[in-house]
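Subject: Structure for you, plus what I found in it

Hi,

Here is the structure I promised to pass on. Have a look at it first, and then read my notes underneath.

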Amino acid sequence: YQQAAYVYRLEPARQNAADYATLAVELALQRNLNEVAVRAYSVLYQIAYDDGDDPIECLTILDKLLECARKGGSTQARLYGLLATYAIEAERGNEAALERLDRELQALVGGLPRVRAEVLLPAMALRSGWERDFRRAYELLAGTTELQTNEERRAYRASELALYALAA
């Protein structure tokens, strides 16, 4: 069910993906298959993030994902959940949550370079922008344009860089 959800998430109408992911979560939690539950929650998160406009719903899903990642001992899944949570909390301007997440991220070893470039660095740059430290925001994102996964994201990142450079 988790794999079917992953495949169906690419469809324009993603109800099948949500249904399969929900079923996968239920079955995985009943059997303590935490890694399967993490992957199913990641599909539910992606659908909620892409199709909805409810950061609280996204954070709720991410909390469940992080709990399963912790129980399953998956550093990579924890990093994914923490980075996604960080990005949402940065958009919300929740400074207390960002400070807590900073500590949790520092405690994790390693990292995922592309995810860091796509999620963490833009959130950190946004925080620097709030503090009117546009030079720092620019420096955080400089060199990450080519790490973006498609032309649209590269164009968006180039625009971010131009804006921070101009403000600096």
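Below is what came out of going through it, starting with the pocket and then moving on to a few helices and loops.

First, a caveat: this is a predicted model, so please read everything here in that light.

**The pocket**

The largest pocket comes out at a volume of about 1300 Å³. Its lining is made up of 38 residues. If you want a place to centre your view, Tyr45, Tyr80, Glu118, Val119 and Arg153 are the lining residues that lie nearest the pocket's centre.

Five helices each put at least two residues into that lining: helix 1 (2-8), helix 3 (34-51), helix 5 (75-92), helix 7 (113-130) and helix 9 (151-167). As for chemistry, the lining splits into 21 nonpolar, 7 polar and 10 charged residues.

**Helix 9**

Helix 9 is one of the helices that supply the pocket lining, and I spent some time on it. With 17 residues at 1.5 Å each, helix 9 should span 24 Å, and its end C-alpha atoms are indeed 24 Å apart, so the expected and modelled values agree.

Which residues of helix 9 are buried? They are Arg154, Arg157, Glu160, Leu161 and Tyr164. Looking down the helix axis, these buried residues fall within an arc of 120°, so they line one face of helix 9. On the face turned away from that buried side you'll find the exposed residues Glu151, Glu152, Tyr156, Leu163 and Leu166.

Two other details here. At the start of helix 9, a side-chain oxygen of Asn150 comes to within 3.1 Å of the backbone nitrogen of Glu152. Further along, Leu166 has a relative accessible area of 72%, which is over the 50% cut-off, so Leu166 counts as exposed. The C-alpha atoms of Leu166 and Arg135 are 9.3 Å apart in space, with their positions 31 residues apart in sequence.

**Helix 8**

Helix 8 covers residues 134-141, and its buried residues are Ala137, Leu140 and Leu141. Seen down the axis of helix 8, they fall within an arc of 90°, so they too line one face of their helix. After helix 8 comes Gly143, with a positive phi near 85°.

**Two loop residues with positive phi**

Most residues other than glycine have a negative phi. These two go the other way:

- Asn32 is not a glycine, yet has a positive phi of about 55°. Asn32 is located in the loop between helix 2 and helix 3, and is exposed at a relative accessible area of 61%.
- Arg132, also a residue other than glycine, has a positive phi near 65°. Arg132 belongs to the loop between helix 7 and helix 8, and is exposed with a relative accessible area of 67%.

**Two buried residues**

Is Arg14 buried or exposed? Arg14 has 11% relative accessibility, under the 20% cut-off, so Arg14 counts as buried. Arg14 is found in the loop between helix 1 and helix 2 (15-30). From Arg14 to Leu44, the C-alpha distance is 10.0 Å, and the two are 30 residues apart in sequence.

Leu66 is part of helix 4 (residues 55-72). Leu66 has a relative accessible area of 16%, which makes it buried. The C-alpha atoms of Leu66 and Tyr80 are separated by 8.7 Å, with the two residues 14 apart along the chain. Tyr80 should ring a bell, being one of the residues nearest the centre of the largest pocket.

That's the lot from my side.

Cheers

How values were computed
Residues numbered from 1 in each chain as written. Predicted model: local features only at pLDDT ≥ 70, side-chain atom pairs only at ≥ 80, totals over all residues. Heavy atoms only, no water. 1 Å grid on protein atoms, 1.4 Å probe; cavity = no way out; pocket = protein on both sides within 12 Å on 5 of 7 lines; lining within 4 Å. Points joined across faces, edges and corners; volume = space filled by probe spheres on them. Helix = DSSP H or I, 4+ residues; strand = E, 2+ residues; numbered from the N terminus. Nonpolar A, V, L, I, M, F, W, Y, C, P; charged D, E, K, R; others polar. Expected span 1.5 Å × (residues − 1). Buried < 20%, exposed > 50% of the residue type's maximum accessible area, 1.4 Å probe, protein only. Arc of directions from axis to C-beta. Polar contact = N/O pair within 3.5 Å; in protein donor to acceptor, adjacent residues only side chain to side chain.
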